[in-house]
Amino acid sequence: MQTQDAITPGYAMRPKLNYLNNGTTLKSWLLTKDHKRIAIMYLITVSLFFMMGGLYAATIRLELLTPASDLLETGTYNKVFTQHGILMIFFFLIPSIPAVLGNFLIPIMIGAKDLALPRINLLSLYIYWLAGGMALWALMQGGVDTGWTFYTPYSTTFSNSYVMAVGLAIFINGFSSILTGLNFIVTIHTMRAPGMTWFRLPLFVWAHYAVSLVMVLGTPVIAITTLLLAIERISHVGIFDPSIGGDPILFQHLFWFYSHPAVYIMILPGMGVISELISSFSRKKIFGYEFVAFSSIAIAVFGFLVWGHHLFVSGQSMYAGMVFSFLTMVVAVPSAIKMFNWAATLYKGSISFDTPMLYGIGFMGLFLIGGLTGLFLGAIGLTVHLTDTYFVVAHFHYVMVGGQVIAYLGGIHYWWPKMTGKMYSEFWGKISAMLVFVGFNLTFFPQFLLGYQGMPRRYAAYPEEFQVLNIFSTAGASVLGIGLVMPVIYLGHSLIFGKDAGDNPWLLPGLEWRTTSPPPTENFAVMPVVTWEAYEYGEESGLDVEAAKRRLAVEAAT
Amino acid sequence: MSTHETSDKFVYHEPGLQHQFEDMGQQEESVSIGMWAFLAQEIMFFGGLFTAYLVFRSKYPMAFAAGSNHLNAFWGGLNTLVLIVSSLTMALTVYYAQKGNRNMQVILIMLTMFFGSVFLGVKAIEYTDKYNHGIVPVTGLNKVVKADTKSEHAEVKEKPCYEVSHGEEEEEYVNPRGEFQWKDCSLVKLAQDHNYLTSAEKIGYFSNGEIDADKFRDKVRIFFFLYFVMTGLHALHMIVGLGLMTWLLWTAWKKYYSADYYMPVEMSGLYWHFVDIVWIFLFPLLYLLGRHFMH
Ligand SMILES: [Cu+2]
């Protein structure tokens with residue numbers, strides 16, 4: 001194969017129209033079947049939900065600045081943390097990377113024109129909008145105060161809030177994520193370009209294959225659970241109500257059967273992004289490709305067998321607890337495999353610290369802490385002390401925010417030039433990445449200490465001796481908030497004033513960098529044939545990177 | 001590739017080929033994998049319900065036996081037969097679609113729809129029966145019958161629930177608020193005498209060592225709740241299936257399918273068979289298990 005110019009591999013066939021300007025009417029967006037446009041609409045919607053969830057978070061941190069519950073009434077506080085959780089988990093974290101980056105990139109990365117089922121893809125967006133609208137309506141009517149876990153019998157019998165509406169919104173939203181997962185599975189099976197074998201797929205695609213398995217097999221269980229919850233709430237039959245023979249623990253089993261795998265929906269795509277970032281910015285083939293690929297599948301499979309670690313103190317039998325505790329330790333192994341492989345990839349790589357890589361490195365540190373503290377909580381003895389304390393809150397925020405959100409931001413910065421064709425300000429990008437990292441640690445590390453000292457979660461008031469650490473946490477939250485608002489500004493700015501990014505700003509070999517930026521509607525002017533392995537930085541990739549670098553150096557000098 | 005550069009008018013497109021696919025084989029494989037993945041999620045969806053059934057049946061086998069005995073195994077059996085026959089006609093539809101035989105397709109699709117409707121009709125008869133007997137588990141959804149003021153003394157002669165014989169409730173059906181009613185707890189007595197009761201039942205049916213009719217009723221109510229949710233969701237899938245069949249009938253009539261292109265028929269068939277299989281599990285679990293306690 002002839003070597004292509006690494007800077008503008010798609011330049012010779014540059015089409016007049018790209019996916020953004022191919023049709024400018026509202027209808028051309030709303031009825032589009034183009035996965036890239038659907039991804040952009042997802043991007044806008046999840047960002048709005050992220051902002052709303054963030055406002056709730058800010059309110060929580062303000063309330064916790066002082067020991068007394070003075071900003072909010074305790075009942076309102078319950079609603080605020082519940083809605084923070086519901087918006088962030090169901091409407092931001094779960095769709096974030098898969099529906100935005102996955103949707104945009106999977107077809108391009110495997111060399112296809114679109115996802116296999118484009119109409120289903122559009123349908124999943126509409127279902128997501130419908131569910132989101134319903135949740136917002138319920139929130140405006142008065143909201144819900146059960147905690148995002150909807151534990152029975154509080155949610156079925158005692159809570160006087162809009163449990164049913166929110167439950168149904170989550171029920172409906174589930175089908176959006178099922179359809180997205182189903183679409184990815186089909187696409188990865190059947191739409192790969194000639195020569196794109198399974199073991200030439202970018203690890204981002206492997207991670208999405210694994211996460212799709214969880215979406216398709218796990219989400220229906222939460223769907224039926226919330227449906228039962230809603231029916232129980234109107235009919236008072238007693239399937240979850242212990243006073244008439246029901247079983248509240250059954251709810252917890254059904255709920256966590258989905259919601260534990262769901263935490264992998266909220267981290268596996270992030271891991272996929274990090275595999276790309278680490279390899280790309282150390283310009284080195286990923287260490288142990290097969291291990292990283294199969295560890296994603298292993299996480300998806302084992303993730304289904306550990307839900308009982310949420311029921312250690314809920315009246316689950318001791319023997320079940322021991323088995324679940326053991327399996328929880330087991331599921332940490334594939335995550336550790338990934339960490340070691342990333343670290344080995346960095347070793348002797350030529351690392352450059354561009355903004356996406358800052359997020360990549362940040363992820364490794366934060367996920368390390370988040371993952372290891374998960375083992376604390378999986379240990380059947382220690383967890384009795386830590387259950388329902390701020391230790392748990394800090395743990396899952398290290399994984400969800402330190403993991404998924406950081407990876408999401410890293411991914412957005414990394415692929416922004418591809419998605420928009422524009423380059424953002426590297427200076428502000430770095431500043432913002434630093435602020436997010438520092439602010440995040442300042443917010444959540446004190447919460448480990450608070451939890452270990454015994455501060456329970458979900459209370460608006462707390463004893464005075466906890467105040468110092470809570471002030472640190474709130475201060476950190478404001479830094480984090482600034483760090484998160486900045487990208488909105490400089491990324492938005494780049495849309496209009498940013499300089500053209502070119503097809504391949506980081507000089508990388510992946511398929512997505514071999515088409516124009518932004519890509520044309522059918523993704524490639526000529527459908528690609530793959531002859532190189534994944535993460536091939538040498539000449540085998542068919543791109544002449546060295547010549548491109550020399551040319552860039554000359555251009556910079558003149 | 002070069003053909004695409006000439007005018008689009010002359011590019012041959014196979015019927016039904018979507019723009020994102022290169023050829024028909026790729027499209028068929030995609031649709032087929034998609035359908036199987038969809039059925040996998042359906043299994044998990046019903047799986048949650050089967051889990052709930054499993055949990056409560058192993059906790060309260062007598063209440064489930066009592067509820068199960070009230071269901072009419074004849075209607076249930078008839079429906080099983082009807083669905084199995086409809087699966088046959090569906091399979092034949094796919095066969096004739098592959099042969100490209102339009103008329104047989106249309107006839108068989110109509111037969112499948114007929115059997116599907118018979119199934120739903122029988123289901124409606126059964127649901128009405130539950131409504132008339134006051135065993136819909138939701139208050140207010142049962143037939144309301146005000147107490148007859150003249151025969152008020154009838155309520156006085158209340159017997160212990162385990163002496164209520166089968167069928168006796170019907171004659172004196174009184175249900176002023178449309179509540180779930182269950183008077184017969186003879187099975188509890190039987191199980192108690194033979195030492196059958198599970199530990200959950202020993203707590204769940206008794207107050208102060210005496211059989212508590214109300215507590216037993218609540219457990220039977222859980223059975224009927226699961227019965228309605230499971231058969232109701234199944235019936236909903238049947239209705240969706242009938243919608244699919246209507247569309248299939250229309251497109252088959254329009255000669256949309258041929259020996260080269262019959263994917264939609266095959267996929268609708270997969271769905272139809274899946275819904276049948278769900279019923280094959282529901283029938284024994286709801287109608288048959290526990291009958292040996294009484295017969
Ligand atoms: Cu978990």
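What follows is a chat between a biologist and a modeller about a predicted model.

Biologist: Let's start with the metal. What makes His260(A), His309(A) and His310(A) donors of the copper ion?

Modeller: Distance. Their atoms ND1 of His260(A), NE2 of His309(A) and NE2 of His310(A) sit at 1.7 to 2.0 Å from the copper ion. The cut-off for a donor N, O or S atom is 2.8 Å, so these nitrogens count. Along the sequence the donors are spaced H-x48-H-H.

Biologist: How do you know that His260(A) and His309(A) link distant parts of the chain?

Modeller: Look at where they live: His260(A) is in helix α8 (residues 248-265) of chain A, while His309(A) is in the loop between α10 (289-302) and α11 (318-346), 49 residues apart. Both of these histidines are buried, too.

Biologist: Over to the contact between the chains. What makes Lys59(B) and Asp247(A) a salt bridge?

Modeller: Their side chains come to 3.3 Å, N to O. The limit for a Lys or Arg nitrogen and a carboxyl oxygen is 4 Å, so the pair qualifies. The count between chain A and chain B is 2 salt bridges, and there are 8 residue pairs in polar contact.

Biologist: Which elements of chain A give two or more residues to the side that touches chain B?

Modeller: Those are α4 (118-141), α6 (163-190), α7 (203-235) and α8. The largest share, 10 residues, comes from α7(A). By type, that side of chain A splits into 27 nonpolar, 7 polar and 4 charged residues. The contact takes 38 residues from chain A and 35 from chain B, and the buried area is about 3100 Å², with carbon and sulfur atoms giving 73% of that.

Biologist: Why is Gln181(B) called buried?

Modeller: Its relative accessibility is 19%, and buried means under 20%, so Gln181(B) makes the cut. Gln181(B) lies in the loop between α6 (168-171) and α7 (186-193) of chain B. Leaving out neighbours within four places in sequence, Gln181(B) is in contact with residues including Gly134(B), Ile135(B) and Tyr173(B).

Biologist: And why is Pro284(B) called partly exposed?

Modeller: Pro284(B) has a relative accessible area of 28%. Partly exposed runs between the 20% and 50% cut-offs, so that label fits Pro284(B). Pro284(B) lies in helix α10 (residues 263-288) of chain B and touches Trp279(B) and Leu289(B), not counting residues up to four places away in sequence.

Biologist: What makes the phi of Asp388(A) worth a look?

Modeller: Most residues other than glycine have a negative phi. The phi of Asp388(A) is near 60 degrees, a positive value in a non-glycine residue. Asp388(A) lies in the loop between α13 (382-386) and α14 (390-420). At 44% relative accessible area, Asp388(A) falls between 20% and 50%, so partly exposed is the word. Arg458(A) also has a positive phi, near 65 degrees, and is found in the loop between α15 (426-453) and α16 (467-497).

Biologist: Which kind of peptide bond, cis or trans, joins Thr152(A) and Pro153(A)?

Modeller: A cis one, with omega about 0 degrees. Most peptide bonds are trans. Pro153(A) is found in the loop between α4 and α5 (154-158) of chain A. Another cis bond joins Ser517(A) and Pro518(A), with omega about -15 degrees; Pro518(A) has its place in the loop between β3 (499-500) and β4 (543-544).

Definitions and conventions
Residues numbered from 1 in each chain as written. Chains lettered and ligands numbered in written order. Predicted model: local features only at pLDDT ≥ 70, side-chain atom pairs only at ≥ 80, totals over all residues. Heavy atoms only, no water. Donors = N, O, S within 2.8 Å, 3.2 Å for Na, K, Ca; no water. Helix = DSSP H or I, 4+ residues; strand = E, 2+ residues; numbered from the N terminus. Buried < 20%, exposed > 50% of the residue type's maximum accessible area, 1.4 Å probe, protein only. Contact = heavy atoms within 4.5 Å. Buried area = accessible area lost by both parts, 1.4 Å probe. Polar contact = N/O pair within 3.5 Å; in protein donor to acceptor, adjacent residues only side chain to side chain. Nonpolar A, V, L, I, M, F, W, Y, C, P; charged D, E, K, R; others polar.
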